[in-house]
Amino acid sequence: MKAAMFKRLNEMAVAEVPKPKAGEGEVVLKVHDCGICGSDLHAVQFGFGMPPDSVMGHEFCGEIHEVGPGVTGYRIGERVTGFPFIACGKCERCRSGREMQCVKFRGLGLGQLPGAYAEFVLCGAGSLFKIPNNLSSREGALVEPLAVGLHGVKRSRLQPGSACVVMGAGPIGLATLVWCRAKGASVVVVSEPAPKRAELALRMGATAAVDPREINPAHKLRELTGHRPEVIFECVGVKSSLSSAIDMIGIGGQVVVMGVCMEPDEIKPQTCVFKEISLDFVVGYARDEFQETIDAMASGIIDGKPLITDVIPIEQVPDMFQTLRRPAGQAKVLVEFPH
Ligand SMILES: [Zn+2]
Ligand SMILES: [Zn+2]
């Protein structure tokens, strides 16, 4: 089968690899769509110890192609998405719905297990979620990044009527915006320098989208509400973005850090102390958040589709990774297989 893999720093390639075979408790999916994620771009740029020839891709939707021994509840042809990892299902963390922190965690598509930039991918049956008929496979591939947004919003103190700032309108910022709205935020100011992404934020429910180099998002929010932001979602993850969030947040407010800054970064603890703010750091999602995302899409509470800006065949993956080093307004790029 064809698969897109990491070759060396800043280089992806497409090649033929053996098709996987389902073992005990496992399922092979025929992949329909798989999203390109910011962590894929980071991983190809920094390596993270990923061995050469690792098949990448972890935001997938596909159909059941082969069911391994001991797997029940799934039939061939059924469409599913899944956690991008195989968890043991038995440890304390798994049993409390936090499989993402499983003691035997094996990730898919970032060097441990082969990912879904491939015609077929091997998954753990316990990691799968069924996709209802009224959702496309493209939407199915959005469940994972949208669930990240839900997780951040659920960890926040956002309530109906809250006013908040979302920093960054990449896929995670946009996913967070969508959930802020779904959970009743009355004002959401998005800060984003790229004009196309800012435009997308407006289409996806932002009250205003500002270029932070020109307009302070907190000032914009005060203009709209008369006060400072109650919650700020930091979805940028570069040096100094956390300290800007701390400068912007209101007294007693909360900064939820979802961006992954890869270098040491300075903050001013005294500002945090005198404002009595909370800083919360979040990653991934819990099992119920994955299901809530599917249900909310199926019932029309959220619409993730505007996130999709590009759909490409697997042959274009290496070029697209180069393009995305300087994104020109792309949000979610999906790799699609004929199905
Ligand atoms: Zn991802
Ligand atoms: Zn576990």
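The exercises below concern a predicted model and treat its zinc site, a small part of its strand pairing and a patch on its surface.

**Exercise 1.** Determine which residues coordinate the zinc ion (ligand 1), and decide whether Cys37 and Glu59 are buried or exposed.

*Solution.* Begin with the donor atoms: the zinc ion (ligand 1) is held by SG of Cys37, NE2 of His58 and OE of Glu59, at 2.2 to 2.6 Å. Along the sequence these donor residues follow the spacing C-x20-H-E. Cys37 lies in the loop between strand S3 (26-36) and helix H1 (38-46), whereas Glu59 belongs to strand S5 (residues 59-67), so that the pair, 22 residues apart, links distant parts of the chain. Next, apply the cut-off for burial, which is under 20% relative accessible area. Cys37 counts as buried because its relative accessibility is 13%, and Glu59, with a relative accessible area of 2%, is buried as well.

**Exercise 2.** Work out which strands stand at the edges of the open sheet S2-S1-S4.

*Solution.* The 3 strands are arranged in the order S2-S1-S4, with antiparallel pairing. Strand S2 (11-16) and strand S4 (54-55) each have a single partner strand, and therefore stand at the edges, with one side of each left without a neighbour in the sheet. Strand S1 (residues 2-8) pairs with S4 over 2 bridges, and Met5 stands opposite Val55 in S4.

**Exercise 3.** Identify the residues that form the nonpolar surface patch, and locate Met262.

*Solution.* The patch is formed by Phe46, Phe48, Val260 and Met262, which together have about 400 Å² of accessible area. Met262 is placed in the loop between strand S15 (254-257) and helix H9 (269-275), and its relative accessible area of 41% makes Met262 partly exposed.

Notes:
Residues are numbered from 1 along each chain as its sequence is written. Chains are lettered from A and ligands numbered from 1 in the order in which they are written. This is a predicted model: local features need pLDDT of at least 70, side-chain atom pairs count only at pLDDT 80 or more; totals for chains, interfaces and linings use all residues. Side-chain values use heavy atoms; hydrogens and water are left out. Two strands pair if DSSP finds at least two bridges between them. Helices (H or I, at least four residues) and strands (E, at least two) are DSSP runs, numbered from the N terminus. Donors are N, O and S atoms within 2.8 Å of the metal (3.2 Å for Na, K and Ca); water is not among the atoms, so sites may look incomplete. Buried means under 20% relative accessible area, exposed over 50%, partly exposed in between (1.4 Å probe, protein chains only). Patches are made of residues with over 30% relative accessible area and no salt bridge: like charges are joined within 9 Å, nonpolar side chains (Val, Leu, Ile, Met, Phe, Trp, Tyr) within 5 Å. Accessible areas come from the Shrake-Rupley method with a 1.4 Å probe; for residues, only the protein chains shown count as cover. A salt bridge is a side-chain nitrogen of Lys or Arg within 4 Å of a carboxyl oxygen of Asp or Glu.
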